[in-house]
Amino acid sequence: MNRYEPKFLGGREAKLRYLDGDYQVVIPGDFVRCSVTGEPIPLDLVRYWNVERQEVYANAEISMRRYVELNGIR
């Protein structure tokens, strides 16, 4: 199984601290879970997160949807 296969788990779940433009590994691992969908995200593919809420998102669409939800935008 590799990172391009749909249900990639890649080993252990990591714990990250999300910073502005970067993240810090708190507990080493191979992936994190999307805060909205629960989908595993390999660490090398982590691109979208919310620093204030310390949430990570699987892709730009989910990130935008969560932004709209949190800010009451229609």
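1. Start with glutamate 55. Leaving aside residues up to four places away in sequence, glutamate 55 touches Tyr18, Ser35, Trp49, Asn50, Arg66 and Leu70. The model is predicted, and these contacts should be read as contacts in a predicted model. Glutamate 55 sits in strand E6 (residues 55–57).

2. Is glutamate 55 buried or exposed? It counts as buried, because its relative accessibility is 11% and the cut-off for buried is under 20%. The side chain also has a polar partner within E6's own stretch of sequence: a polar contact of 2.6 Å joins glutamate 55 to the side chain of tyrosine 57.

3. Next, the salt bridge from this residue. The side chains of glutamate 55 and arginine 66 meet at 2.8 Å, N to O. Glutamate 55 belongs to strand E6 and arginine 66 to helix H1, so the pair ties together parts that are eleven residues apart in sequence. Arginine 66 counts as buried too, at 12% relative accessibility.

4. Arginine 66 has another acidic partner. A salt bridge of 2.5 Å, N to O, links its side chain with that of glutamate 69. Both residues lie in helix H1, three residues apart, about one turn of the helix. Glutamate 69 is exposed, with a relative accessible area of 53%. Salt bridges that share partners join Arg53, Glu55, Arg66 and Glu69 into one network.

5. How many salt bridges are there in total? The count comes to four. One of them pairs arginine 33 with glutamate 13, at 3.6 Å, N to O. Arginine 33 lies in strand E3 (residues 31–33) and glutamate 13 in the segment before E1, so this pair ties together parts that are 20 residues apart in sequence. Arginine 33 is partly exposed, at 32% relative accessibility. Glutamate 13 is partly exposed as well, with a relative accessible area of 42%.

6. Now the overall layout. The protein has one helix and six strands. From the N terminus on, the order is β-β-β-β-β-β-α. Among contacts between residues at least 6 apart in sequence, 26% join residues at least 24 apart.

7. Strand E1 (residues 15–19) deserves a look. In a regular strand the side chains alternate between the two faces of the sheet. Which side chains of E1 point to the buried face? Leu16 and Tyr18 point to one face and are buried. Lys15, Arg17 and Leu19 point to the other face and are not buried. Tyr18 is also one of the residues that glutamate 55 touches.

8. E1 pairs with strand E2 (residues 22–27). The two strands run antiparallel and are joined by five bridges. Leucine 19 has aspartate 22 as its bridge partner in E2. The hairpin of E1 and E2 has two residues between the strands. Glycine 21 takes a positive phi near 80° in this hairpin.

9. Finally, surface and burial. Buried residues make up 27% of the 74 residues. The protein exposes about 5,300 Å², and carbon and sulfur atoms supply 49% of that area. Met64, Tyr67 and Ile73 make a nonpolar surface patch of about 310 Å². Methionine 64 lies in helix H1 (residues 60–71), the helix that also holds arginine 66 and glutamate 69.

Technical notes:
Residues are numbered from 1 along each chain as its sequence is written. This is a predicted model: local features need pLDDT of at least 70, side-chain atom pairs count only at pLDDT 80 or more; totals for chains, interfaces and linings use all residues. Side-chain values use heavy atoms; hydrogens and water are left out. Helices (H or I, at least four residues) and strands (E, at least two) are DSSP runs, numbered from the N terminus. Buried means under 20% relative accessible area, exposed over 50%, partly exposed in between (1.4 Å probe, protein chains only). A polar contact is a pair of N or O atoms within 3.5 Å; within protein, one must be able to donate a hydrogen and the other to accept it, and residues adjacent in sequence count only if both atoms are side-chain atoms. Contact means heavy atoms within 4.5 Å. Patches are made of residues with over 30% relative accessible area and no salt bridge: like charges are joined within 9 Å, nonpolar side chains (Val, Leu, Ile, Met, Phe, Trp, Tyr) within 5 Å. Accessible areas come from the Shrake-Rupley method with a 1.4 Å probe; for residues, only the protein chains shown count as cover. Two strands pair if DSSP finds at least two bridges between them.
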